Amino acid sequence: PHMLEAKVAYQNIEFSKTKILGQIRIKNNHFFKDLSNVIFKWSLIENGSPIEKGTMEDISLFPQEITNVYIPYKSKINPHAEFFIHLFATIKEDEKGLKKGQIIAQYEHPINKRESPHISTISNGEISKEINGKEILIGGTNFHITINTESATLTKYIVDGTEFIKEGGHINFWRAPVDNDYGAKTPVKYKEWKSIGRNNYKFSYSINQKNKGEINLNFTTVILNGDAQLTKNYDIYANGRIHISNQLKAIKGKHSPIYRFGNQFEIPEYFSQCQWYGNGPGESYVDRKNAVMVGKYSSSIDNMHTSYARPQENGNRTDTRWAKFSNGKGSSIQFISDELFDFSASHFTQEDLDSGPNKASTQKHGKLLSPRKNVYLNIDGYTSGVGCVNSWGALPREEYQLPYKDYSFDYWIIPSYPK
C-alpha cells in the first residue's frame, strides 16, 4: 500500500480544484517533457458508482504549463446524492517501459457534500426487557439481544434465528503497534490506554423504555483514576436495529494521546464477504490515503488483511459511509453512520498482531500467524496517523495525532435477512 501512496505523491501531473463546478486545474510538473502521449480519462461517480465516463485527448501541456479544463459530463447532479469526479492520466502509446493505458496520475474531485442517511426506526412490533443477573435481555418479534451490564457490551445478537454478533461493542483506544510506533516508542508512551474499555472497568447503567418500540440503555464508568469518563448508549428498536453512541469526556489531568477511539466486534465466520462505500480498494490511514478513492467496493474477509512481514495494525479503510458483511444466503449486518468512520475486518484479533512494548522480545512473522475462524471487526470514530515521516523516532504529524481531550462518535447496526 505504501508504494501506491508514493506513486501518487510523486506523480508529475498536478491537479487542483477551481471555484467553478466541474472545472479542474491541471499542471504539467515535468521540466522537459510535454503531455502529448497522455490521455485523460474521467468518471462521474454517484453514491460510489460510476454513471458516466469519458476521455480527453487534446490536453498536451508543455513543461510547467497550466490549464483549466471542464469535465464534459451531461448527467444532472442530484442534490440528495453524493458526487465525485475521478480523473486519471494514462499513457497513450508504449513509452520507455510504460505500457499503453498505464495510469501515471490520478485525482478525486468532490462535487457536492454528502447528506446524512435516513435510518428508519418504524416498526409495528413491541420490545421487551428482562434483567437476569449481570445481563439485560432485550427481545422483539424476531430478534434477541443480550448486553452485559458490567462491560456494557453485546454478548448475543440473534435475528430471525441467525447469530449476527458473537460479542462486541468493546470500547478500544489501542492498536497493534506499527513499525513507526516502535520507532517513536508510543507502545510505551501510550500504554495507559491499552486495556481501558476491555478489562476491569465496571459500568453503571440505567434503562429507559421510551415507548413500546424503543428502549435506551445508558452506561457510564470513570477511567484514569477519575480523570475521564466513558459513556456508552444503546438505542434498540423493535425492528432489531441498534444505534450506538460512544463518548470520552476528559475531565482533568494530563495524559498521553490515543491510537484510536472505536468499538470492537466478533462476528460469525459465515459473514465472509464485505462491501463498503468509502475509500478503497486497498487499506488507508488518515495520513496515508492519497492513493485511494471513494467508491463502492467488495472483498472477501481474507483479502481485507494486509500481510506485513512483521504482524502489526493493518487493513484499515478510511472515510467510510457504510460497511456491510454478508453470508451469501441473504443475511447481512450493516454498520452506517452520519459521520465518516474507519473500519477494518480480518481473521486476526488485535492481540494476535501485537508484539508488545518491545518488538525485539517477541519476534514474529506475518506468514506464521494462524487465522481464526470468526471475523474481528473494528468500527472507529477516530484513528491516528501511522507516521509516514521516519521509522526511528518521529511521531505522526500533529494534525494526525489524537491528543487527550473529549471525543464522541455514533453509528447504526442494521440487520438484514431473507423475508
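**Notes on the pockets, cavities and rings**

1. Starting with the open space: the lining of the largest pocket splits into 11 nonpolar, 5 polar and 5 charged residues. Keep in mind while reading on that this is a predicted model. The pocket itself holds about 500 Å³ of space. Its lining runs to 21 residues, and those nearest the centre are Tyr107, Glu108, Lys289, Asn290 and Val292.

2. Which elements give two or more residues to that lining? They are helix 1 (2-9), strand 1 (13-17), strand 7 (103-110), strand 20 (293-300) and strand 21 (317-326). Strand 7 supplies the largest share, with 4 residues.

3. Now the closed spaces. There are 3 cavities of 30 Å³ or more in the structure. The largest of them encloses about 80 Å³, and 18 residues line it. Closest to its centre are Arg175, Asp181, Tyr190, Gly385 and Pro396. Helix 2 (residues 179-184) gives the largest share of this lining, 3 residues. Sorted by class, the lining has 10 nonpolar, 6 polar and 2 charged residues.

4. The second largest cavity comes to about 40 Å³. You can pick out its walls by residue: Arg175, Tyr259, Arg260, Tyr285, Glu313, Asn316, Thr383 and Ser384. In class terms that is 2 nonpolar, 3 polar and 3 charged residues. Arg175 is worth clicking on, since this residue lines the second largest cavity and is also among the residues closest to the centre of the largest one.

5. On to the rings. I'd look at the aromatic pairs next; the structure holds 24 of them. One of these is Trp276 with Tyr297, a tilted pair at 5.6 Å centre to centre with 35 degrees between the planes. Trp276 sits in strand 19 (residues 273-280) and Tyr297 in strand 20, so this contact ties together parts that are 21 residues apart in sequence. Is Trp276 buried or exposed? Its relative accessibility is 1%, so Trp276 counts as buried, the cut-off for buried being under 20%.

6. Both rings of that pair also belong to one aromatic cluster. The full membership is Phe173, Trp193, Phe261, Phe265, Trp276, Tyr297, Phe325, Phe335, Phe343, Tyr404, Phe409 and Tyr411. Strand 20, where Tyr297 lies, turns up in the pocket story too, as one of the elements giving two or more residues to the lining of the largest pocket.

7. A couple of charges over rings, if you're checking cation placement. Arg321 lies over the face of Tyr277, 5.3 Å from the ring centre. Lys419 does likewise with Tyr417, at 4.2 Å from the ring centre.

8. Finally, the overall picture. The protein chain has 4 helices and 24 strands. Its radius of gyration is 24 Å, close to the 22 Å that the globule rule gives for 419 residues, so the chain is as compact as a globular protein of that length. Along the principal axes, the C-alpha atoms fill a box of roughly 75 × 55 × 40 Å. Buried residues account for 52% of the 419 residues, and Trp276 from point 5 counts as buried.

Technical notes. Residues are numbered from 1 along each chain as its sequence is written. This is a predicted model: local features need pLDDT of at least 70, side-chain atom pairs count only at pLDDT 80 or more; totals for chains, interfaces and linings use all residues. Side-chain values use heavy atoms; hydrogens and water are left out. On a 1 Å grid over the protein atoms alone, a cavity is a set of points where a 1.4 Å probe fits but cannot get out, and a pocket is an open set with protein on both sides within 12 Å along at least five of seven lines; lining residues have an atom within 4 Å of a point. Grid points are joined across faces, edges and corners, and a volume is the space filled by probe spheres set on the points. Ala, Val, Leu, Ile, Met, Phe, Trp, Tyr, Cys and Pro count as nonpolar, Asp, Glu, Lys and Arg as charged, and the others, Gly among them, as polar. Rings of Phe, Tyr and Trp (its six-membered ring) pair if their centres lie within 6.5 Å; planes under 30 degrees apart count as stacked, over 60 as edge-to-face and the rest as tilted. Buried means under 20% relative accessible area, exposed over 50%, partly exposed in between (1.4 Å probe, protein chains only). A charge sits over a ring if NZ of Lys or CZ of Arg is within 6 Å of the ring centre and within 35 degrees of the ring normal. The radius of gyration is taken over C-alpha atoms; the globule rule is 2.2 Å times the number of residues to the power 0.38.
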